[in-house]
Amino acid sequence: MKQFLKLLFILILPGLLICCSEENSRESQLTDFIPEEAILVLKVNDLQLLQRDIGQHDALSAFKSSAIYPILSGRHKILQHIRSVNPVLLSIIKLKDSTYGYTLVSRQDSLNFQIDSSKNRSSETLKYKDISIKRISLEDETVFTALKDSLFIASSSQQVLENLLTDKTYMKPSLQKNLSARNVKELSLIQLHPQLKLADTSLSDLAEFVQLDVSIAPTGITAAGVAVTSAENNYLIDSFKGQTPQENTIMSVLPSATNSVVSLTFNNAAVIVQNLRAFAGDSTHTTSVPLFETITEIAEISLPDGKAVAMHSIDAVAAGEALTAMRSEHAVFRDVEIFNFSEPGIFRSSFYPLISSSVNFGFRLDQYFVFTETVASAEGIISAYKSNDVIENTVYFKNSKQYLSDASSLLVMHFNGLVKSGIANVFFPELSSINSERAIDKYPLAVMQFTYDRDFAHVNFVSLETGSTKQITGRVTQLASKNLDRAILGSPQFFSNHRSGGQDIAVQDMSNKLQLLAVNGKTLWTKQLQGPILGEIQEVDLLRNGKKQLAFVTANSLHIIERNGKPVAPFPLKFKDKITQPLSVFDYDNNRNYRFAVVQGKEVFLYDNKGKIVSGFRFKKTASEIVQPIKHFRIGNKDYIVIPEANGTLNILSRVGTPRIQLRKKFNFSEIPITTEGSNFVVITREHTKESISQNGKLSSTNLSVTDSYWFTTAGRIKVTLDDNLLRIDGKLVELPFGIYTPPTIFRSGGNTYISITETQEKKVYIYNTDGSLHPGFPVYGSSAAMLGDANKNGRLNILVKGADSEIILYQLE
C-alpha cells in the first residue's frame with residue numbers, strides 16, 4: 001500500500017506542480033485593478049489627449065465645480081505628470097467619507113511618471129505584504145503607487161490600493177469582459193450602478209452598468225453603447241422587457257421652449273405599467289387603465305411655467321372616449337377645447353418614477369393628448385403647436401436625430417439651462433444637483449436614448465454645439481399676443497413708430513373702437529369712431545418730419561390722426577352723404593404733397609394736406625357707381641388715375657382729372673383690383689378674362705379658364721395668381737392644401753420679397769419665397785390676412801395676424 005501511494009504521488013506531482021504554476025503565472029489584467037469603490041471607469045488610449053480635450057471643451061469646462069473634473073481634465077497636480085503610450089484604465093472612486101478619488105492602472109513599460117523636478121515634492125516608501133508602496137506628495141495632492149505583474153497602479157487612497165494588491169478581483173466577469181474586449185478609438189467609459197438625472201430628480205438602479213464609446217470633439221459630444229442588467233436585481237431599464245420600441249413622435253407637439261422631456265414608448269401599456277409598479281415596489285396597482293390602451297408613447301415635460309404630460313394614441317377616437325368620464329368643459333383657445341381633468345394623479349400612479357406630475361387640464365392636438373398643471377401652460381403649448389414652434393422643427397433637434405435611433409424605449413432630453421444635467425449623465429455621476437455656475441450657451445440640447453433589446457439596452461447620447469453645423473434660419477416664434485375686449489373688425493395693421501424705427505399695431509374692434517398698441521401688447525391709446533374703417537389705414541407724413549399719421553375713412557368721415565391719438569387739424573372732415581369706397585392716397589412726386597380721394601357713389605372729391613378741395617382736379621363725377629377704390633399708377637414719367645364704374649366704363653385719367661386713355665370697351669369688373677403688368681394695365685373680369693391695356697389704348701383679351709376663386713396681383717416684376725388651391729408665383733406652381741384662402745399679398749422687407757396667404761378654415765398662415773418655396777417654420781396659426789414688417793427694427797421679419805375673434809398675434813422669424 002505504501003509503495004502504491006508513493007507511486008501515485010510520483011505520478012500526480014508533476015500535474016499538481018503544473019496546475020499550481022499555471023495558476024500562479026496568470027498574467028494580471030488592467031481590469032483586475034478596478035476598485036470596489038469605482039463609480040466611473042474610463043479606458044483611454046491617450047490620457048494626455050483626453051485631459052486636453054476635456055479641459056478645453058466649452059461644455060465640459062462648465063463642470064469645474066465638480067469634484068472629479070480636475071481628475072478628468074488634466075488639472076490634477078499629480079495626474080498631469082503621467083504619460084502612457086498604451087491604454088490606461090482610470091477609475092473614479094467614491095470613498096466612505098463621500099469624497100471622490102481615483103485609481104489608475106497601466107503597463108509599466110509604456111508609462112512615464114516623472115515629478116522629480118517638481119517643487120514642493122516629497123516621497124517615501126511603505127511596505128504592504130512584501131510589496132513596496134510609494135507615497136508621493138505634490139503640494140496638496142498625494143498619490144500611492146505600486147508595481148505588480150508589470151503593471152503600474154496609482155491611487156489617491158492607500159486603503160484602496162492595498163485592497164487591490166490582495167489578488168482579489170472586485171469586478172464581475174461580465175464587466176471585465178466588456179472592458180477587455182473594447183477596441184478603444186478614443187474613450188470607453190463605464191458607469192457602475194448609474195443614476196439617471198431628470199429635470200429635478202435622479203433615478204437610481206437604472207442598470208448594473210452602462211458602457212459608452214465616447215467621442216469628444218470641439219463641435220459636440222456623442223456616445224454609443226449598452227446598458228446591461230443582471231438577474232440578481234430589479235433595474236429600471238428592465239421595465240421595458242417584452243416591449244417593442246416605438247418611434248418617438250411626440251416632439252411634434254412640444255414647444256421649443258421646453259426645458260426637459262422624459263419620453264417612454266411601448267406596445268403594451270398594461271405590461272409596462274405593471275413592470276414599473278414592480279420596480280417601484282408597489283403591488284397595489286393591478287387594474288388596467290382603458291385610457292392607455294391605444295397609447296404608444298407618453299412623456300413628462302418640464303416647461304418654464306410648470307409640468308405637463310403628453311401622450312400619442314394610435315386611435316385618438318377611442319382614447320377620447322376613454323377620457324369622457326374624466327373631463328368637463330372649461331374653455332376654448334384657438335379652436336382647441338381645454339377641459340378640466342378629474343384624475344390628476346393617474347399618470348404618476350401608473351408610470352412612476354418616470355412620470356411624477358399631477359395635472360388638472362387637458363386638450364387634444366390631432367393624435368396627441370396633452371395634460372397640464374395650469375391653463376397658461378395649456379395655452380402656451382397650443383400656441384406653439386399652432387405656430388409650428390415645436391421641438392421637431394428646431395435645427396438642433398434635427399441635427400441631433402442623425403445620432404439617434406428612429407425608435408427607442410426611453411428618451412431623456414435636456415434643453416438650454418438644463419443641458420448640464422444631460423451631460424452630467426455621461427461624465428459626472430457624482431453630481432446629485434447641477435448648479436448654475438455657468439450655463440452652456442452654445443449647447444441647446446442633450447439627449448440620452450435607451451432602446452431595449454432582450455436583456456440589455458442600446459444607448460445613444462448626443463449634445464452638439466449650435467455652431468457645429470450650418471444654421472438654418474426660419475424658426476417662427478410667437479413674440480406677443482393680446483386679446484381685446486371685443487372681436488376684431490378687419491385685420492390688424494402695422495403702423496410706423498418714428499421713435500423706435502419699428503412698428504406699432506393699429507386695430508379696430510366690433511364696437512368701432514380704434515386702438516394703437518405697442519408690439520408688446522401695451523395699449524398706447526384708444527379712439528371711439530362712429531363706424532367701421534373702410535379698407536386699410538394709410539400712412540402719411542403731412543408735416544414732412546418723419547412722424548407718420550394714420551389716414552382712413554369711415555362712412556361719413558375722413559380722419560388723419562397723429563401717433564399720439566390726436567387728430568390733425570382740420571381733420572376729421574365730416575360728410576353728409578355716405579362714403580362708399582376706401583380712402584385712396586396719391587403722392588405724385590414722392591414729396592408728401594398728398595391727395596386724398598374720397599368716393600361717394602358716383603362722385604369723387606380730392607383733398608390736399610390742409611383738407612381743402614383740389615381745385616385743379618377736373619374730374620367730378622362718373623355716369624354710374626364707382627365699384628373699386630380709385631388707384632394711382634406711375635408708368636414711366638406719366639401719372640394715371642384709374643376709376644372703374646358699374647356700367648363697365650374704365651376711366652384712365654391724368655393727375656389733373658382729364659382723360660389720358662379713352663376706351664370704348666366695357667368691362668364686367670370683378671373684385672380683383674386693377675393693377676399693372678409691365679407697362680400695361682390689367683383688368684380681370686367676372687367672365688374670367690384678362691384684359692391688357694397698353695398706354696396707347698390698345699386692348700388684348702385672354703380667356704383664363706379659371707374658377708370663381710381666381711385672384712391676380714402684381715408688385716413690380718412679381719406676379720402672383722391663385723386659382724382654388726393652385727398658387728403661382730412668377731409661373732412657379734405651388735399646390736396648397738384644399739381650403740378657403742385670403743387673396744395672396746406681396747410684401748417687401750429687408751431686401752426680400754415674400755408672398756403671404758391665409759387658409760381661413762384651418763386658420764393657417766403661409767409665407768412663400770419668390771422661388772415658390774414655403775418659408776421655414778410655416779404655416780403658423782392665424783385667421784386673417786397677414787401683414788409683414790420689421791416691428792422691432794432688429795432685422796428680423798415679423799408677421800402680424802388675427803388669431804381668435806378678439807386676438808392679435810405677433811410672430812417673429814428667427
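## Helix α9 and E379

E379 sits in helix α9, and in this predicted model the residue is partly exposed, with a relative accessible area of 31%. That value falls between the cut-offs of 20% for buried and 50% for exposed, so the label follows directly from the number. Once neighbours within four places in sequence are set aside, E379 is in contact with F333 and I338. Another residue to look at here is F363: its C-alpha atom is 9.8 Å from that of E379, with the two positions 16 residues apart along the chain.

The helix around E379 covers residues 375-386. Does its length agree or disagree with what 12 residues should span? At 1.5 Å a residue the expected span is 16 Å, and the end C-alpha atoms are 16 Å apart, so the two agree. The buried residues of α9 are S377, A378, I381, I382, S383 and A384. If you follow the chain on from the helix, you come to N388, which has a positive phi near 60°.

## S400 and T222

Helix α10, residues 395-401, holds S400. With a relative accessibility of 1%, S400 counts as buried. Leaving out residues up to four places away in sequence, S400 touches L445, V462 and L464. The C-alpha atoms of S400 and F461 are separated by 9.2 Å, and these two residues are 61 apart along the chain.

T222 belongs to strand β14, which runs over residues 220-228. Is T222 buried or exposed? Its relative accessible area is 18%, and the cut-off for buried is under 20%, so T222 is buried. Which residues does T222 touch, not counting those up to four places away in sequence? They are D213, V214, S215, Y403, F461, V462 and L464. Two names from that list, V462 and L464, also turn up among the residues that S400 touches.

## T721 in strand β48

Further along the chain, T721 is placed in strand β48, residues 718-723. T721 is buried as well, at a relative accessible area of 11%. Residues up to four places away in sequence aside, T721 touches Y710, W711 and F712, and also L726, L727 and R728.

## Backbone points worth checking

If you plan to look through the backbone torsions, here are some places to visit. The loop between β34 (557-562) and β35 (573-574) contains P570, and the peptide bond leading from A569 to P570 is cis, with omega near 10°. P572 is in the loop between β34 and β35 too. The bond that joins F571 and P572 is likewise cis, and its omega is about 5°.

Which phi values are positive at residues that are not glycine? D130 is one of them, with a phi of about 65°. D130 lies in the loop between β6 (121-128) and β7 (131-138), and at 78% relative accessibility it counts as exposed. H193 is another, with a phi of about 50°. H193 is found in the loop between β10 (187-192) and β11 (196-197), and its relative accessibility of 56% makes it exposed.

## The chain as a whole

Stepping back, how many helices and strands does the chain have? There are 11 helices and 57 strands. The radius of gyration is 38 Å, whereas the globule rule gives 28 Å for 814 residues, so the chain is more spread out than a compact globule. Taken along the principal axes, the C-alpha atoms fill a box of roughly 145 × 65 × 50 Å.

Of the 814 residues, 53% count as buried. Among the contacts between residues at least 6 apart in sequence, 54% join residues at least 24 apart. The surface that the chain exposes comes to about 36,800 Å², with carbon and sulfur atoms supplying 47% of it. On the charge side, there are 84 positive and 82 negative side chains. The centres of these two sets lie 10 Å apart.

Note on methods
Residues are numbered from 1 along each chain as its sequence is written. This is a predicted model: local features need pLDDT of at least 70, side-chain atom pairs count only at pLDDT 80 or more; totals for chains, interfaces and linings use all residues. Side-chain values use heavy atoms; hydrogens and water are left out. Helices (H or I, at least four residues) and strands (E, at least two) are DSSP runs, numbered from the N terminus. The radius of gyration is taken over C-alpha atoms; the globule rule is 2.2 Å times the number of residues to the power 0.38. Buried means under 20% relative accessible area, exposed over 50%, partly exposed in between (1.4 Å probe, protein chains only). Contact means heavy atoms within 4.5 Å. Accessible areas come from the Shrake-Rupley method with a 1.4 Å probe; for residues, only the protein chains shown count as cover. Lys and Arg count as positive and Asp and Glu as negative; His and the chain ends are not counted. The place of a charge is taken as NZ of Lys, CZ of Arg, CG of Asp or CD of Glu. The expected span of a helix is 1.5 Å times one less than its number of residues.
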